[in-house]
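Biologist: I should like a close look at one part of this structure, explained for a first-year student. Please choose a single residue and describe its surroundings step by step.

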Amino acid sequence: MTPEELRAARDRVVPDVVAGGLRVLFCGINPSLTTAATGHHFAFPGNRFWPVLHLSGFTPRRLAPAEQAELLDHGLGITNVVARATARADELSAEEYREGGRILTAKVERLRPRWLAVVGITAYRTAFGERRAGIGPQERTVGGARVWALPNPSGLNAHWTAATMAEEYARLRAAVEGSGQGGSGSVTTTPFSSPASVRQ
C-alpha cells in the first residue's frame with residue numbers, strides 16, 4: 001500500500017457487510033485509510049479484530065480481512081459509527097459521532113440484528129450520549145437490538161491484549177448463544193479454544 005493510495009482513500013466510504021436478521025452486527029468507529037483503500041474492514045495490519053473474533057469462538061478459523069463476506073455465514077456483520085475513512089479516529093467530531101448514532105439506529109431498525117456490538121467504548125459513549133457507559137452489556141437498546149460495548153481492537157489500545165479482548169468477546173458470544181437458544185442470555189464467560197499463537 002503506497003502513501004499515495006492511502007491519501008487517496010481519505011473520506012472514502014466502505015460498504016457494510018450486512019444482511020437482515022444477523023446474530024451480531026459489529027460496529028467499528030470508522031474505516032481506517034487501509035480499510036478504505038482495500039475495501040476490507042479492520043484491514044490495518046496492527047488491528048486485532050480478526051484474530052480476536054476467532055479466539056473468542058465467533059469464527060472457526062481466523063479470517064483474513066479479504067474474507068469478510070464469510071462472516072454472513074456465521075450470522076455476523078460489520079458496519080461503522082461514522083462512514084468516512086480517516087487516518088485517526090480523533091479526526092472525527094462529536095457531531096459526526098452523534099449523527100452516526102442516528103444513522104446507525106435507523107440501520108439497525110431496518111436490518112434487525114439481535115445484538116449490536118460497538119467496538120470502542122468512547123465511540124459508543126459519544127454517539128449515544130452515554131457518558132458513563134462501560135465495557136459489557138448495556139441497559140439501553142438501539143433500534144430494537146441489545147447492545148454490548150467491546151474494547152477497540154486497534155493495536156493502539158494497549159490496555160487490552162488479544163487474550164483479554166477475546167475473553168470479553170467470548171462473554172458476548174455466550175450471551176448471543178444463550179438468547180438464541182431460548183435461554184436467559186446470561187453474560188458469564190464460557191471457555192473457548194485458543195490457537196497456540198496469534199499474529200498481530
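**The surroundings of F26**

Modeller: In this predicted model, F26 stands opposite A117 in strand β3. F26 itself belongs to strand β1, which covers residues 24–28. Strand β1 runs parallel to β3 (residues 115–119), and four bridges join the two.

These strands are part of an open sheet of five strands with mixed pairing, in the order β2-β1-β3-β5-β4. At the edges of the sheet are β2 and β4 (136–142), each of which pairs on one side only. From one strand to the next, the twist averages 30°. Helix α5 (residues 121–128) packs on this sheet and touches β3, β4 and β5 (145–150). The direction of helix α5 makes about 25° with that of β4.

We may now turn to the aromatic ring of F26. The structure holds seven aromatic pairs. One of them is formed by F26 and F58, with 5.4 Å from centre to centre and 85° between the planes. This pair counts as edge-to-face because the angle of 85° is over 60 degrees. The pair links distant parts of the chain, for F58 lies in the loop between α3 (49–55) and β2 (76–80), 32 residues apart from F26. Both F26 and F58 are buried.

The two rings also have further company: ring pairs link F26, F42, F49, W50, F58 and Y169 into a cluster. F26 thus has a place in strand β1 of the sheet and in this cluster of rings.

Methods
Residues numbered from 1 in each chain as written. Predicted model: local features only at pLDDT ≥ 70, side-chain atom pairs only at ≥ 80, totals over all residues. Heavy atoms only, no water. Phe/Tyr/Trp six-rings, centres within 6.5 Å; stacked < 30°, edge-to-face > 60°. Buried < 20%, exposed > 50% of the residue type's maximum accessible area, 1.4 Å probe, protein only. Pairing = 2+ DSSP bridges. Axes fitted to C-alpha atoms, helices over the stretch in contact; angles between N-to-C directions. Contact = heavy atoms within 4.5 Å.
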